[in-house]
Amino acid sequence: MFKPDFDFLVFIGRFQPFHTGHQAVVETALQRAERVIVLVGSSCQPRTLRNPWTFTERETFIRATFPETGERLMLAPLLDDTYNEQGWITRVQQSVHGITCRFPPKVGSAAPRIGLIGHSKDHSSYYLSMFPQWQSVAVENVRGVSSTPLREQYFQRGAANGEMPPAVQNWLETFRESDTFQHIASEWEFVNQYRKGWEAAPYAPTFVTVDAVVVQAGHILLIERKARPGKGQWALPGGFLDPHEKLRDAVIRELREETRIKVPAPVLAGSIVKEQVFDDPYRSARGRTITHAFLIELKADAHGLPKVKGGDDAQHAFWMPLGDLDPERLFEDHFQIIKTMIG
């Protein structure tokens, strides 16, 4: 008779893609717990080289790997909170509680036995120590397999190797024929060419950029990107710092170049109310890029929102109600920047 050590074991990952190492963790969890909760990280964001598959797609090939588990295996999306670690921890706790409360303990039973399962492969696994209320279950890494080289091999050479479950390989074979695959493969090609320009540098470069978070009357000013990476995605107006510029001068210049906003530069500069640095090492596929965001709050005007028009690197410029923001359409970590800057 099956006597599990836990009522629930929680497994957190991005699964980009789901490989045999992930499969081994889930198999171990199913052996030790009544039910397994898989929280699929980096959900509800645009496709990037690091996160090319949506939550629904990852859920599909994970479930295809374990077709007989039924409700014992439960998956839920987990949104990133890149610049608010406590917010992310809270989100994990809420997601787990929302699932476990659907299975209340029997009368007279204690609270559910919950554990966190995974393996410490590198700095990205430090989350295993963030939940002291749950027992930690360590699992050995299978042959050192990692998603990053699998992802690069797939999009650069179109090959899905044997370090993925057959169901995942079959799914990726079909995905390879899609327009989405071609789009992401083209992004890989662009980024590889971009990086080659810095191969001769004595050390890896760090780029400095600026981004303008311009708000007025419950709206935010966005652009549609004209070029790769992120072609067609929404973004904050911004760009690279010129060697002779101060950061505040750069953000006003980029804002005016990309949006042609009908507001004088001194008014824009005088409307800056907040600035913050955003430095997640993985925020840009082009390389280490540290951006300085400036919150510009324009006063409500009886004449309406200032006129804007796309220019320079922007295909279009437009005002959007803050309530209509879609994290799956926003470039890189710009949704996280907006959320952090505006609150």
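Here is a short chat between a student and a tutor about a predicted model.

Student: Which residues does UniProt give to the feature "domain: Nudix hydrolase"?
Tutor: This one comes from the record, where the entry is unreviewed. The span is 20% helix and 35% strand, with its end C-alpha atoms 32 Å apart. UniProt places the feature at residues 205-343.

Student: Are helix α2 and helix α5 parallel, antiparallel, perpendicular or oblique to each other?
Tutor: Start with where they sit: α2 covers residues 55-65 and α5 covers residues 166-175, and their axes are 8 Å apart. The packing angle is about 140°. Angles over 145 degrees would count as roughly antiparallel, and 65 to 115 as roughly perpendicular. That's why α2 is called oblique to α5.

Student: How many nonpolar residues are in the contact of α2 with α5?
Tutor: Look at who takes part: α2 brings Glu 57, Thr 60, Phe 61, Ala 64 and Thr 65, while α5 brings Ala 167, Val 168, Trp 171 and Phe 175. Sorted by class, 2 are polar and 1 is charged, and the nonpolar ones number 6.

Student: Okay, what about the second largest pocket: which residues are the closest to its centre?
Tutor: The pocket holds about 330 Å³ of space. Its lining has 26 residues, and the elements that each supply at least two of them include α6 (179-196), β7 (219-225) and β9 (238-240). The closest to the centre are Arg 225, Gly 238, Gly 239, Phe 240 and Arg 286.

Student: And how many charged residues does that lining have?
Tutor: Split the lining of the second largest pocket by class. You get 11 nonpolar and 5 polar residues, and the charged ones come to 10.

Notes. Residues numbered from 1 in each chain as written. Predicted model: local features only at pLDDT ≥ 70, side-chain atom pairs only at ≥ 80, totals over all residues. Heavy atoms only, no water. UniProt positions renumbered as here; feature names shortened; annotations may be inferred. Helix = DSSP H or I, 4+ residues; strand = E, 2+ residues; numbered from the N terminus. Axes fitted to C-alpha atoms, helices over the stretch in contact; angles between N-to-C directions. Parallel < 35°, antiparallel > 145°, perpendicular 65-115°, else oblique. Contact = heavy atoms within 4.5 Å. Nonpolar A, V, L, I, M, F, W, Y, C, P; charged D, E, K, R; others polar. 1 Å grid on protein atoms, 1.4 Å probe; cavity = no way out; pocket = protein on both sides within 12 Å on 5 of 7 lines; lining within 4 Å. Points joined across faces, edges and corners; volume = space filled by probe spheres on them.
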